[in-house]
Amino acid sequence: TNIIVEKSQEEKVIYKYNFEKTISFYLARMPPTQAESVIKNIIREIGQECAAHGEIVSETLVAFMVKAVVLDPSNGFNTDRTLLKSDVQKLVKLCVSRLLDSKNPSLDTIKMQVYFDMNYTSRGEFLEEHHRVIESRLSSVSREITDNRACVREELESLYRKIVSYVLLRSGLGSPTDIKIVREATAALQSVFPPVELGTFLTLSKKDKERQLKELTMIVTGIRLFNRDCGKGGEGIDDLPAILQEAIPVSTQHVDSQLEAVQDQAYRYTAILEKAAKNPLLSQELQPYMLKEALYNARQYEIFLQIILSDIITCAREVEMMIKQLGAQLEQLKMTVKSKTAVPTSQVFPIFIALSNVWTSFQDETVLISVLSNLMTHLEPFLGAHELFFPEKVMQDLLDGVTVKTDMYRMKEHMEDRVNLADFRKLEWLFPETTANFDKLLIQYRGFCPYTFATTDGLLLPGNPAIGILKYKEKYYTFNTRDAAYSFAENPENYIDIIREKAKKNAELIQLLELHQQFETLIPYSQMKDVNKHYTKPITKCESSTQTDTHLLPPTIVRSYEWNEWELRRQAIKLANLRQKVTHSVQTDLSHMRRENCSQVYPSKDASTQSMTEGSSRVPRPQIYIAGLRGGKTKTTRGVKVNLTRAVDET
């Protein structure tokens with residue numbers, strides 16, 4: 001709700017700016033401060049008049065209504081003179097009269113358009129704004145932590161408790177006032193950031209502190225989600241995937257039912273108006289019923305529902321993809337941790353952070369689905385009191401003898417009736433087979449047939465692109481029949497001017513038919529930043545290339561032909577060089593009976609080989625001495641034989 005309120009305040013300024021441009025031709029001679037004072041007084045006076053009659057209106061709605069009243073040529077506001085007091089009184093009176101006309105479906109349509117434009121934004125812008133609001137809400141808590149200069153023990157304990165509260169608030173997983181949730185978050189934080197590290201934390205710069213707080217939040221969030229998946233914790237954590245899987249189909253079914261009901265209503269109004277277009281008497285009878293205004297109301301509600309349904313379908317795709325990512329991250333974490341008591345932080349911290357980012361995406365999708373459902377609920381009262389103005393009995397009488405056709409049926413009716421390009425030489429027509437991005441072209445008037453709208457005083461019939469899309473002044477038009485296409489192509493400017501004048505009388509057509517470029521002072525805020533963003537040029541030509549063979553038939557060129565005489569001589573010398581060549585002959589089974597053959601063999605000769613030689617080995621030489629042969633003191637000579645031969649094993 002806070003996001004919507006902040007967005008609305010910004011858009012009030014935009015609509016007020018548009019309002020200033022609307023009547024700037026009246027205030028051109030006034031000083032800027034005086035002109036601004038006059039504008040505020042006009043808006044305030046209109047609001048007070050409506051409040052006196054029991055109708056509370058916003059400044060945005062008042063500014064839109066002022067623009068509608070000034071544009072309507074029947075009100076007689078002249079741009080060639082200065083705004084007088086009587087003009088201001090007339091302007092206020094007309095605006096109050098239209099704002100208090102509760103029986104006019106046109107007012108309900110304008111209120112619906114203003115409300116939708118103030119409360120709806122694209123998916124990317126919404127998520128960006130949502131994150132910005134969260135950051136702004138946590139800025140005060142973050143500032144208390146980063147600016148803290150704790151020194152004593154009690155101050156450090158208080159700082160640690162503040163960090164735990166910050167982690168819980170930022171993660172959105174439980175309330176910081178629940179003691180069980182606080183204990184679980186504290187235990188998870190102590191496992192990665194014990195209190196003893198507060199001293200190091202306090203020495204960091206402010207930016208580093210903020211960065212570390214965000215990292216700690218993601219790691220603690222991942223730890224708690226992992227504990228929840230293991231069944232060991234996760235107090236206060238909702239099962240967002242299951243909630244989204246249940247809420248998205250319910251929201252889609254509700255939008256589909258509303259869309260089907262309003263489309264059926266629009267088809268019935270269209271059938272009655274078609275009947276009235278062919279019967280002038282019936283057309284006069286239906287004038288007080290404001291059936292066309294009711295048709296505009298139903299068609300506008302249908303367009304808004306289709307936008308919401310498209311966003312819900314996108315959410316469903318994102319949720320389906322994120323559920324797979326969540327399962328993969330948890331499985332990877334289980335494989336990394338298993339039954340280990342300690343795991344390196346470099347392995348698990350990135351997985352915890354990735355797990356936290358996936359869960360944050362789940363939270364974003366939950367908020368987005370809630371906002372879209374709330375927006376759809378608040379649009380229903382603007383659908384108008386159709387049953388009050390057009391009771392079922394009256395509708396049945398008007399539909400007597402009329403065939404109610406759906407948009408799809410109308411397109412199939414004239415699917416084969418295509419424009420003949422030979423009939424148009426100066427105009428360009430686009431077809432599916434000649435245009436690559438045929439389905440992405442921005443069709444004027446939201447795809448409704450301009451010829452039918454101009455010739456039947458405002459009847460909305462869907463155009464059929466299969467008939468052909470007319471490109472005129474870089475804009476694209478579709479038609480419900482080939483005859484309508486031919487008639488419009490004869491004088492496009494005439495029909496464009498008729499539609500513009502019709503839109504001045506019914507201001508709700510400006511947004512319904514997307515005529516903001518023709519009325520630049522009334523561009524909604526959601527479309528001011530990208531007025532030309534949706535413009536897509538048709539791709540009717542493209543660069544292409546093909547490769548063909550040089551010679552389609554088999555080549556007849558003789559590669560061995562040579563015209564150079566010297567080259568022929570060189571080849572002849574090469575062939576005649578037989579000095580180091582040997583002639584070889586081979587006999588085959590087919591040739592051995594035709595001529596004599598001979599072969600050369602080597603004759604046998606005597607040969608011998610040396611097989612063995614005599615050899616010897618050295619043995620000890622005998623050494624024997626005889627002592628006493630020279631005699632001695634005795635007369636008898638006695639010899640003593642001494643054997644000095646060495647043993648064989650000693651040699």
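In this predicted model, the side chain of threonine 270 comes within 2.7 Å of the backbone oxygen of alanine 266. Threonine 270 belongs to helix H11, which covers residues 240-278. With a relative accessible area of 2%, threonine 270 counts as buried, because buried means under 20%. Once its neighbours within four places in sequence are set aside, threonine 270 still has contacts with Leu295, Arg299, Arg410, Leu459, Leu460 and Leu461.

From this residue the view can widen to the chain. The chain has 651 residues, and 39% of them are buried. Its secondary structure consists of 23 helices and five strands. Among contacts with a separation of 6 or more, 73% are between residues 24 or more positions apart. The accessible surface of the chain is about 40600 Å², and carbon and sulfur atoms supply 52% of that surface.

The cysteines are the next topic. The structure has zero disulfides. Why is there no bond between cysteine 50 and its closest cysteine sulfur? The closest cysteine sulfur to that of cysteine 50 lies in cysteine 95, at 8.6 Å, which is too far for a bond. A disulfide needs the two sulfur atoms within 2.5 Å. Seen from the other side, the cysteine sulfur closest to that of cysteine 95 is the one in cysteine 50, at 8.6 Å.

Are these two cysteines buried or exposed? Cysteine 50 is buried, with a relative accessible area of 0%. Cysteine 95 is also buried, at 0% relative accessibility.

Key. Residues are numbered from 1 along each chain as its sequence is written. This is a predicted model: local features need pLDDT of at least 70, side-chain atom pairs count only at pLDDT 80 or more; totals for chains, interfaces and linings use all residues. Side-chain values use heavy atoms; hydrogens and water are left out. Helices (H or I, at least four residues) and strands (E, at least two) are DSSP runs, numbered from the N terminus. Buried means under 20% relative accessible area, exposed over 50%, partly exposed in between (1.4 Å probe, protein chains only). Contact means heavy atoms within 4.5 Å. Accessible areas come from the Shrake-Rupley method with a 1.4 Å probe; for residues, only the protein chains shown count as cover. A polar contact is a pair of N or O atoms within 3.5 Å; within protein, one must be able to donate a hydrogen and the other to accept it, and residues adjacent in sequence count only if both atoms are side-chain atoms.
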